[in-house]
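Visitor: I should like a close look at a single part of this model, a helix together with its surroundings. Please begin with what covers the helix and work outward from there.

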Amino acid sequence: MLGLYIHIPFCKQKCFYCNFFSEKYDTVLVDKYIDALTDYAVQFKNKKIDSIYIGGGTPSVLSLKQIQKLLQALNNIFSLSIMQEFTFELNPESTSESKLKILKNYGVNRLSIGLQSVEDKSLKFLGRIHGFKAFCTAYDMALKEGFSNINIDLIYGLPGQNMQDWEKALEKVLLLNSQHLSLYPLSIEQSTSFFETGISTNDDIQRDMYDKTIEILAENGYNHYEVSNWAKRDGESFHNSNYWRNFEYIGLGAGAAGYFERRRYKNVANVQRYINLIKNNVDLKTENEYIDDKLYKTETIILGLRLLNEGVNIDCFSAYKHYKTLSECLKDKTLKKENNKIKIAKKYVFVFNQIVSKFID
Ligand SMILES: C[S@@+](CC[C@H](N)C(=O)[O-])C[C@H]1O[C@@H](n2cnc3c(N)ncnc32)[C@H](O)[C@@H]1O
Ligand code: SF4
């Protein structure tokens with residue numbers, strides 16, 4: 001099992017809430033970036049990959065030619081014959097029929113489209129450059145091109161949004177009948193416009209919305225398989241589930257993280273520097289840590305508990321600290337044991353981070 005994540009750190013415009021690493025799209029810079037990234041990837045020649053995720057940033061902002069060049073290079077370098085899931089992220093305004101056709105030709109079999117809100121007023125507030133109609137056009141186009149496995153990203157708990165607004169939003173999204181939904185409470189991140197202008201959110205409202213979401217999506221046939229992710233039958237993301245199973249993946253691109261040959265690393269988050277370092281054959285990692293057995297177990301617990309139905313094998317809790325914490329959590333019923341699996345109790349999923357932080361030394 002080996003995944004591949006490719007970061008495309010380019011956007012047309014920065015959304016006001018987002019602190020993911022991305023720079024302004026520039027076609028000349030992107031050409032150089034793809035060349036550098038694919039040159040660098042040659043060291044993994046013929047590696048067998050069973051899932052790919054091309055994320056961003058905004059992968060769909062790339063031109064048709066740039067997308068084709070990237071996908072062709074991946075085909076030449078990696079061995080993709082055992083590919084199970086190949087996801088490409090799209091933003092509504094930069095989706096086109098011709099881009100979708102190229103994706104299909106190169107074996108992309110899952111799309112993730114960022115919608116964020118169904119209301120144009122809120123989309124504007126978030127700094128998005130598309131309306132709900134543009135999303136529907138992109139979504140319909142994707143269906144028409146034969147993509148049946150599509151994820152939709154949405155953010156809830158925006159300032160001024162009440163429960164009724166959110167329920168209406170969910171109703172609208174359910175009509176789209178997508179295979180997968182990723183739903184996130186708005187979080188105010190440092191160095192974003194929202195942080196700088198002092199926008200705030202309400203934890204209690206977000207919690208109520210989360211509980212309501214769980215209820216509504218269950219009634220509509222979605223399996224709540226991860227803290228923020230819901231899927232129709234067999235629609236769970238294979239690639240992302242493998243992150244949570246603590247399986248290895250190669251991370252390519254500026255700002256990308258990876259976990260390969262027991263080392264967890266992060267690449268430099270600056271496009272020009274990334275290109276220069278590759279040209280000069282200099283190490284481009286800003287973090288690079290060997291994961292020893294103890295840390296491996298801690299990470300397996302923290303990541304694995306995110307998989308709400310799958311949980312973590314009890315054998316992983318053999319270290320004294322983990323065993324002791326587990327006993328306490330079973331006692332206060334924040335965690336539960338089912339056969340030989342440890343899972344988070346549904347009631348505590350919203351405060352997931354608080355619970356799992358107890359396992360960290
Ligand atoms: C890295 S973004 C890339 C997706 C794509 N470029 C887009 O804009 O739709 C992945 C997702 O994280 C979510 N996200 C990013 N920042 C967030 C924040 N501050 N609060 C809540 N969700 C956020 C959004 O739903 C977004 O679609
Ligand atoms: S949310 Fe997506 S489009 Fe907006 S800045 Fe972040 S990565 Fe770019």
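Guide: The structure is a predicted model, and the part chosen here is helix α12. The buried residues of α12 are covered by elements that include α11 (293-304), β16, β17 and α13 (352-356). The buried residues in question are His322, Leu326 and Cys329. These three span an arc of only 65 degrees around the axis, so they lie on the same side of α12. The other side of the helix carries exposed residues, namely Tyr320, Tyr323, Lys324, Ser327, Glu328 and Lys331.

As to its geometry, α12 runs over residues 320-331, which is 12 residues. From its first C-alpha to its last it reaches 17 Å, close to the 16 Å expected at 1.5 Å a residue. Just after the helix, Lys333 adopts a positive phi of about 65 degrees.

Two of the covering elements, β16 and β17, belong to a sheet. This open sheet has three strands in the order β15-β17-β16, with antiparallel pairing. The edges are occupied by β15 (312-313) and β16 (335-338), each with a single partner strand, so one side of each has no neighbour in the sheet. Between β15 and β17 (residues 341-344) the antiparallel pairing extends over two bridges. Asn313 has Lys341 of β17 as its bridge partner.

The loop between β16 and β17 contains Asn339. The phi of Asn339 is near 55 degrees, a positive value in a residue other than glycine. Most residues other than glycine have a negative phi, and most peptide bonds are trans. Asn339 has 7 other C-beta atoms within 10 Å, and it is therefore exposed, the limit for that class being 12 or fewer.

A comparable backbone feature is found elsewhere in the chain, at Asp234. Asp234 is not a glycine, yet its phi is positive, at about 60 degrees. Its place is the loop between β10 (229-231) and α9 (238-244). Asp234 counts as exposed because it has 9 C-beta neighbours inside 10 Å.

The backbone also departs from the usual at a peptide bond. The bond from Gly56 to Gly57 is cis, with omega near 15 degrees. Gly57 lies in the loop between β4 (51-56) and α2 (64-77). Both glycines are among the residues around ligand 2, where the others are Cys11, Lys14, Cys15, Cys18, Phe20, Ser22, Thr58, Asn91 and Gly114. By class, this shell is made up of four nonpolar, six polar and one charged residues.

Phe20 and Gly114 of that shell appear again around ligand 1. There, 15 residues form the surroundings, and those that come nearest are Tyr17, Phe20, Gly114, Asp153 and Tyr184. The elements giving two or more residues to this shell are β6 (110-116) and β7 (150-156). The shell around ligand 1 divides into six nonpolar, six polar and three charged residues.

For context beyond the chosen part, other strands may be set beside the sheet described above. Strand β11 (residues 249-252) is covered on both faces: Tyr249 and Gly251 are buried on one side, and Ile250 and Leu252 are buried on the other. Its pairing with β1 (residues 3-8) is parallel and takes in four bridges, with Leu4 having Ile250 as its bridge partner in β11. Strand β14 (residues 285-290), by contrast, is hardly covered, since the count of buried residues among its six residues is zero. β14 pairs with β13 (residues 263-267) in the antiparallel sense over five bridges. In this pairing Arg264 stands opposite Glu289 of β14.

A last point concerns Asp31, which is located in helix α1 (residues 27-41). Asp31 has 15 other C-beta atoms within 10 Å and is therefore partly exposed. The C-alpha atoms of Asp31 and Gln66 are separated by 6.9 Å, although the two residues stand 35 residues apart along the chain.

To return to the chosen part: α12 has His322, Leu326 and Cys329 as its buried residues, and the elements that cover them include α11, β16, β17 and α13.

Notes
Residues numbered from 1 in each chain as written. Chains lettered and ligands numbered in written order. Predicted model: local features only at pLDDT ≥ 70, side-chain atom pairs only at ≥ 80, totals over all residues. Pairing = 2+ DSSP bridges. Near = placed C-beta within 6 Å. Nonpolar A, V, L, I, M, F, W, Y, C, P; charged D, E, K, R; others polar. Expected span 1.5 Å × (residues − 1). Buried ≥ 20, exposed ≤ 12 C-beta atoms within 10 Å, placed from the backbone. Arc of directions from axis to C-beta. Contact = placed C-beta atoms within 7 Å.
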